[in-house]
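Here's a structure to get to know through a few quick questions and answers. Have a look first, then read on.

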Amino acid sequence: MTGMSRIQLALNVDDIQAATAFYAKLFGVAPAKERPGYANFAVADPPLKLVLIENPGHGGTLNHLGVEVETTEAVDAQQTRLAAAGLASVDERGTTCCYAKQDKFWVEGTPSGERWEIYTVLADAPAEAPVDSAPAESAPCCATVG
């Protein structure tokens, strides 16, 4: 895909500390961000944004998938491209998710129900937005999804 910078894989984990230690060893990099119940890794090789979300009892399951792009213009270009291909989306601009202010959209209607987001990070955020601030159409990305 043109303009895509790296794939994001968000996993539910039972124990954030154990998972963070494991993935730091696996990819040979320290976490880029750590917060209570949350960690993410910016892995250069292979290009991957790995997000760990503590969700006891659901460890080892997929939370959501995404593609991180560099700019809001790239988000807009991908949303236009996917709309032309007949894929619907839920727009979220200036939202706080995964401890970052983001412009993004969620792709709707995946055949197996997995959640895909296309997003760019605008700024770091010291805290998560309240869960009730998310649009009703989709669960917040950092919510505990079972």
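Q: Where does N12 lie, and is N12 buried or exposed?
A: Keep in mind that this is a predicted model. N12 lies in strand β1, which covers residues 6-13. Its relative accessible area is 1%, and buried means under 20%. So N12, in strand β1, is buried.

Q: Which side chain does the side chain of N12 join in a polar contact?
A: We just saw that N12 is buried. Its side chain still has a polar partner, at 3.3 Å. That partner is N55.

Q: Is A44 buried or exposed?
A: A44 sits in the loop that runs between β3 (38-43) and β4 (48-54). Its relative accessible area comes to 67%, and the cut-off for exposed is over 50%. So A44 is exposed.

Q: How many residues apart in sequence are D124 and R35, the pair in a salt bridge?
A: The side chains of D124 and R35 meet at 3.0 Å, N to O. D124 belongs to strand β8 (residues 116-124) and R35 to strand β2 (residues 33-35), so the pair links distant parts of the chain. Along the sequence they are 89 residues apart.

Q: Which residue of helix α2 forms a salt bridge with R93?
A: R93 is in strand β6 (residues 89-97) and is partly exposed, at 32% relative accessible area. R93 also forms a salt bridge with D91, with the closest N and O atoms 2.9 Å apart. For the partner in helix α2 (residues 72-84), the closest N and O atoms are 2.7 Å apart. That partner is D76.

Methods. Residues are numbered from 1 along each chain as its sequence is written. This is a predicted model: local features need pLDDT of at least 70, side-chain atom pairs count only at pLDDT 80 or more; totals for chains, interfaces and linings use all residues. Side-chain values use heavy atoms; hydrogens and water are left out. Helices (H or I, at least four residues) and strands (E, at least two) are DSSP runs, numbered from the N terminus. Buried means under 20% relative accessible area, exposed over 50%, partly exposed in between (1.4 Å probe, protein chains only). A polar contact is a pair of N or O atoms within 3.5 Å; within protein, one must be able to donate a hydrogen and the other to accept it, and residues adjacent in sequence count only if both atoms are side-chain atoms. A salt bridge is a side-chain nitrogen of Lys or Arg within 4 Å of a carboxyl oxygen of Asp or Glu.
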